[in-house]
Amino acid sequence: MIRLQALLCFLLLLLAETSRAQAVPPATNTGQAVVVLGRTEFPINEYFTISFTLRGAPLDRYSAFPDIEGFKKSGKLNTTTTRTVGGQSSIELTITQRYAAYQEGEFELPPFTITVNGNPIRSPGATLEVGPQQTAPTPPATGANPNNQPLQGIGLLDELFGKPKPDAYVEPKDHAFLALVADKSSVYVGEGVHVSMYFYLTPADQGLLDFYNFAGQLPGIMQQLQQRTAWEEHFEDQEITPETITVGGKSYLRYRLYETELYPLTAEALRFPIISLQMVKYKVAKDPTADPTDRLEGYKTYFTEPLTIAVKPLPPHPLRDQVAVGRYQLREAIDRTTFQVGQTFTYTFSVEGEGNLATLSAPTLRPQPGVELYGPDIQQDLTRQSGRVGGRKRFTYRLVPRQPGPLLLDSLLTLVYFNLATARYDTLRPQLVVSVQDAPQKAAFRPRPDDPFYTEALQAADNTLQPLDAYRDVRRYANIVLVLLLGLAGFGWWRGGQQGAA
């Protein structure tokens, strides 16, 4: 009996273990991942990067990249590489986090861990040295790692799949080009000219070209584009996205890389040198039967043509060196509709249009008798859109009229400027008309001199002089009379009481 019970217990335990094993799901393939650090010594105008590369499985989830003191996270990059060897393809996914340094110096990257598909990947950290800015980044050798750091595990991968052979790849011809474009070939002193740098490529070239460290190249490009004889209004950096345009009957994708608005301060021409931009260009396999995604990374540099913009001096004028240049119009505003002597009102002289509003000075004031003027209070709103710079500049005054009549605002405030629409000097003058009324007087009684009642009363009036203390004597006599009346009333009350008692 005891043996039978033991046998039953053993069978029950066996069934429980079998059910537990069936309930546990089979392990999924999470792939193999490694962490790669970028260069630890780099200039301040280049990014430091932390990447992880995943092989053998699709990316499901990953934890956040670490924060580094003294650096700011500045976007991520995703790169997918396909290798085909012996008819078998291997896909590598690399996600790179970029870091921009706030200042030069030495910084410590402490050890950290990134979890990819549930697997923790540890890095021992590093010491980062940020050096001074370089005018142009040093291009890496063709086919080398852009960060100049060996990838962990690459040697094992090359042993498994073999190193790519450069002789097996060919570099196709592309139709891309770099261009520096200005919207005007000549301008007046003070007139704005919009300058943009574009990269053009055909839709067929999209798979052959890619941007290489553009954030590191941009400071050097901006330095070459600067003009010491021009005022610059820089456009905010925007995401580089393509737009489809037609050039010479051929469709292109155009990337706007940089744009600015320049206002020449002298008659010296604006001259731009040849600008270079390095791009990543891929070589494709010679074997047409190979995987079309199999490619070898290389580099190619594109150059702009030199650009010169002529600058013309303004025509002779007494205020030639002081006036603003642009396309402006006047907008007026006033805070009331009725005006009285001594009553303050507010008047706004608002200039709108295209031009360098920063150099637009206040209207010329010509004082007039009978009016007090205070101000102006200045407000400016700039707009930068569609390659144009303009906006509105408001000059607000407080005025106090001191005499009735018309107030000539058009002669009180004037603004002379050079009108680009007519290529002549023009003047902005107020158009509002202000009529000041006299302040209302207090009501007073004024008899009509031809009224017979007042004529007879005036003729019969006594013109004898009266003493100044006449009213004081009247008050004394009135007080005596009141005392007598009170005494008489008291005597009457006393007599009435005596008679009632008798």
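**Exercise 1. Decide whether N213 is buried, partly exposed or exposed in this predicted model, and describe its backbone.**

*Solution.* Begin with accessibility: N213 has a relative accessibility of 23%. Buried means under 20% and exposed means over 50%, with partly exposed in between, so at 23% N213 counts as partly exposed. Next, place the residue in the chain, where N213 is found in the loop between β14 (209-211) and α3. Finally, turn to the backbone: the phi angle of N213 is near 45°, which is a positive value in a residue other than glycine.

**Exercise 2. Carry out the same analysis for N117, and state where it lies and what its phi angle is.**

*Solution.* N117 sits in the loop between β7 (112-116) and β8 (119-123). Its phi is near 55°, again a positive value in a residue that is not glycine. For accessibility, the relative accessible area of N117 is 8%, and N117 is therefore buried, since the cut-off for that class is under 20%.

**Exercise 3. Describe helix α3, its span and its buried residues, and then examine Q217 within it.**

*Solution.* Step one is the geometry of the helix: α3 has 12 residues and reaches 16 Å from its first C-alpha to its last, close to the 16 Å expected at 1.5 Å a residue. Step two is to list the buried positions, which in α3 are F214, G216, Q217, L218, G220, I221 and L225. Step three asks what covers these residues, and the cover includes β11 (177-182), β13 (193-201), β17, β18 (270-272) and β19 (276-285).

Step four takes one of the buried residues by itself. Q217 belongs to helix α3 (residues 214-225), and because its relative accessibility is 8%, it counts as buried. The side chain of Q217 also reaches the backbone oxygen of Y212 at a distance of 2.6 Å.

**Exercise 4. Characterise the surroundings of F418, beginning with its burial.**

*Solution.* F418 lies in strand β29 (residues 413-419). Its relative accessible area is 0%, and so F418 is buried. The residues it touches, leaving aside those up to four places away in sequence, are Y188, L314, P315, V323, A324, V325, G326, A423, R424 and Y425. V325 deserves a separate step, as F418 and V325 are 93 residues apart in sequence and yet 4.8 Å apart in space, C-alpha to C-alpha.

**Exercise 5. Work out the position of Q343, its accessibility and its contacts.**

*Solution.* Q343 is in the loop between β23 (339-340) and β24. With a relative accessibility of 27%, Q343 counts as partly exposed. When residues up to four places away in sequence are set aside, Q343 touches R336, T338, L399, V400 and P401. With V400, the separation is 57 residues in sequence and 5.9 Å in space, C-alpha to C-alpha. With R336, the side chains are joined by a polar contact of 3.5 Å.

**Exercise 6. Describe the largest cavity and its lining.**

*Solution.* The count of cavities of 30 Å³ or more comes to 1, and the largest cavity has a volume of about 110 Å³. It is lined by 14 residues, and those closest to its centre are K184, G192, E261, E354 and G355. Sorted by character, the lining comprises 4 nonpolar, 4 polar and 6 charged residues. As for the strands, β17, β22, β24 (345-355) and β27 (388-401) each supply at least two residues of this lining, and β22 gives the most, with 3 residues.

**Exercise 7. Describe the second largest pocket in the same order of steps: volume, lining, character and strands.**

*Solution.* The second largest pocket holds about 320 Å³ of space. Its lining is made up of 15 residues, of which V189, G190, L314, R320 and V323 lie nearest its centre. By character, the lining of this pocket divides into 9 nonpolar, 4 polar and 2 charged residues. The strands β17 (250-264) and β22 (324-334) each supply at least two residues of the lining.

**Exercise 8. Identify the two residues joined by a cis peptide bond, and place the proline in its strand.**

*Solution.* The cis peptide bond joins G375 and P376, with omega at about 15°. P376 is found in strand β26 (residues 371-385).

Methods. Residues are numbered from 1 along each chain as its sequence is written. This is a predicted model: local features need pLDDT of at least 70, side-chain atom pairs count only at pLDDT 80 or more; totals for chains, interfaces and linings use all residues. Side-chain values use heavy atoms; hydrogens and water are left out. On a 1 Å grid over the protein atoms alone, a cavity is a set of points where a 1.4 Å probe fits but cannot get out, and a pocket is an open set with protein on both sides within 12 Å along at least five of seven lines; lining residues have an atom within 4 Å of a point. Grid points are joined across faces, edges and corners, and a volume is the space filled by probe spheres set on the points. Helices (H or I, at least four residues) and strands (E, at least two) are DSSP runs, numbered from the N terminus. Ala, Val, Leu, Ile, Met, Phe, Trp, Tyr, Cys and Pro count as nonpolar, Asp, Glu, Lys and Arg as charged, and the others, Gly among them, as polar. Buried means under 20% relative accessible area, exposed over 50%, partly exposed in between (1.4 Å probe, protein chains only). A polar contact is a pair of N or O atoms within 3.5 Å; within protein, one must be able to donate a hydrogen and the other to accept it, and residues adjacent in sequence count only if both atoms are side-chain atoms. The expected span of a helix is 1.5 Å times one less than its number of residues. Contact means heavy atoms within 4.5 Å.
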